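Visitor: I'm new to this structure and would like a close look at a single part of it. Could you take me to the salt bridge and then show me what lies around it?

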Amino acid sequence: MGSVNNAVRCGFICRLCSKIDKRVVHIYGELGRKYNLVQKIRDYLPIKIKSSDGLPLTLCVSCVQRLNRRHTLQMAIKNSAARIVTRTTVESTTGRDECNERPRIRLISRVQSI
């Protein structure tokens, strides 16, 4: 593929991991907008990104997948926290004591690797 400078010019280098790859997603392109990549990068990563900063405007497929998994995890945590707060509020206003009721949650004794 040639030099890194050529890869940057041609758009085959990942902005996040700097791997050179022929399969990339343009951050500001159709897929980049579909996956809302600019906002996810701004929300979850400690880098600043602009279309005019002269740095690569592409991400490799692996980094797009990682960024989307991070977003999915973030949303699950947010939704879970909201459900817990809502449930706690309802239980405190109805006077229900969950500790005296039969547990509905099964504890996992062993963590499996992903």
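Guide: Let's start with the whole protein, go to the salt bridge, and then look at the parts on either side.

A quick word on the model: it is predicted, so local features need pLDDT of at least 70 and side-chain atom pairs count only at pLDDT 80 or more, while totals for chains, interfaces and linings use all residues. Residues are numbered from 1 along each chain as its sequence is written, and side-chain values use heavy atoms, with hydrogens and water left out.

The protein has four helices and two strands. Here helices (H or I, at least four residues) and strands (E, at least two) are DSSP runs, numbered from the N terminus. Going from the N terminus, the order is α-β-α-α-β-α. Of the 114 residues, 21% are buried; buried means under 20% relative accessible area, exposed over 50%, and partly exposed in between (1.4 Å probe, protein chains only).

Now for your spot. The structure holds one salt bridge, and it joins aspartate 53 to arginine 15, with the closest N and O atoms 2.5 Å apart. Aspartate 53 sits in the loop between helix 3 and strand 2 (58-60), and arginine 15 in the loop between helix 1 and strand 1, so the pair ties together parts 38 residues apart in sequence. The term salt bridge stands for a side-chain nitrogen of Lys or Arg within 4 Å of a carboxyl oxygen of Asp or Glu. In general, side chains of opposite charge can pair when their charged atoms come close. Arginine 15 is buried, at 12% relative accessibility, whereas aspartate 53 is partly exposed at 29%.

Stay with the loop between helix 1 (4-10) and strand 1 (24-26), and you'll also find serine 18 there. Serine 18 has a positive phi of about 65°, though it isn't a glycine. As a rule, most residues other than glycine have a negative phi. Serine 18 is partly exposed, with 48% relative accessibility.

On the other side of the bridge, have a look at helix 3. Leu37, Val38, Lys40, Ile41 and Tyr44 are buried in helix 3. They cover an arc of only 165° around the axis, which puts them on the same side of helix 3; the arc is that of the directions from the helix axis to the C-beta atoms.

Asparagine 36 is in the loop between helix 2 (30-34) and helix 3 (37-44). Asparagine 36 has a positive phi too, near 55°, and is partly exposed at 41%.
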